[in-house]
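Got the viewer open? Let's take a short walk through this one, selecting a bit at a time.

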Amino acid sequence: MQYVLDVLYVLNELTYPLRWAVHAQEQEASDEGLAIQSSRRRSPAVREVPFEVQLAGYCLDFHVHNRCAKCGPDGWCPRVAVARARIIAWRRSRRT
């Protein structure tokens with residue numbers, strides 16, 4: 001459970017500057033009296049990444065330097081395998 005809370009904390013810390021930038025952009029546009037459509041509120045460089053894929057990325061980052069309770073003595077971990085599969089599936093779905 002602590003691992004999940006740690007991942008959620010890191011996710012919140014990493015996305016805070018992005019959320020602040022989006023809010024500032026919306027505020028700037030509203031000050032100018034421009035109507036921005038909801039699909040164009042974010043910068044074009046920002047991609048919509050599903051939450052599960054973000055967590056999979058954090059799982060891989062964690063396992064670069066640390067081990068979890070599921071890691072085997074040889075270094076193989078089922079959580080890493082699931083995270084890699086999830087990211088690969090998401091990349092394939094984006095291409096088509």
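Is Cys-77 buried or exposed? Select that residue and switch on a surface while you think about it. Keep in mind that this is a predicted model.

Cys-77 is buried, because its relative accessible area is 3%, below the 20% cut-off for that label. You'll find Cys-77 in the loop between H2 and H3.

**Around Cys-77**

Now show the neighbours. Leaving out residues up to four places away in sequence, Cys-77 touches His-63, Cys-68, Lys-70 and Cys-71. Pick the C-alpha atoms of Cys-77 and His-63 and have the viewer draw a distance: they are separated by 8.8 Å, with the two residues 14 apart along the chain.

**On to the helix pair**

His-63 is also a good handle for the next stop, since this residue of H2 belongs to the contact with H3. Select residues 51-65 for H2 and residues 78-95 for H3. Turn the view until you can see both axes: they come within 9 Å of each other and cross at roughly 135°. That angle makes H2 oblique to H3, because only angles over 145 degrees would count as roughly antiparallel. As for handedness, the crossing of H2 and H3 is left-handed.

Next, show side chains where the two helices meet:

- From H2, pick Glu-52, Val-53, Ala-56, Gly-57, Cys-59, Leu-60 and His-63.
- From H3, pick Arg-79, Val-80, Ala-83, Arg-84, Arg-86, Ile-87 and Trp-90.

Colour that selection by class and the contact of H2 with H3 splits into eight nonpolar, two polar and four charged residues.

**Colour by confidence**

Which helix has the highest confidence, and which the lowest? Recolour by pLDDT to find out. H2 comes out on top with a mean of 94, while helix H1, residues 2-31, is at the bottom with 60. Then select residues 35-39: here the pLDDT is below 50, and the stretch has two contacts in the model beyond near neighbours in sequence. Over the chain, the average pLDDT is 75, and 51% of the residues score at least 70.

**Zoom out**

Finish with a cartoon of the chain. There are three helices and zero strands, so to speak an α-α-α pattern when read along the sequence. Of the 96 residues, 18% count as buried, Cys-77 being one of the buried residues. If you plot a contact map, look at pairs at least 6 apart in sequence: 48% of those contacts join residues at least 24 apart.

Definitions and conventions. Residues are numbered from 1 along each chain as its sequence is written. This is a predicted model: local features need pLDDT of at least 70, side-chain atom pairs count only at pLDDT 80 or more; totals for chains, interfaces and linings use all residues. Side-chain values use heavy atoms; hydrogens and water are left out. pLDDT is the predictor's confidence in each residue, from 0 to 100. Helices (H or I, at least four residues) and strands (E, at least two) are DSSP runs, numbered from the N terminus. Contact means heavy atoms within 4.5 Å. Axes are lines fitted to C-alpha atoms, for helices over the stretch in contact, and angles run from 0 to 180 degrees between N-to-C directions. Angles under 35 degrees count as roughly parallel, over 145 as roughly antiparallel, 65 to 115 as roughly perpendicular and the rest as oblique. A crossing is left-handed if the near helix is turned anticlockwise from the far one by less than a right angle, and right-handed if clockwise. Ala, Val, Leu, Ile, Met, Phe, Trp, Tyr, Cys and Pro count as nonpolar, Asp, Glu, Lys and Arg as charged, and the others, Gly among them, as polar. Buried means under 20% relative accessible area, exposed over 50%, partly exposed in between (1.4 Å probe, protein chains only).
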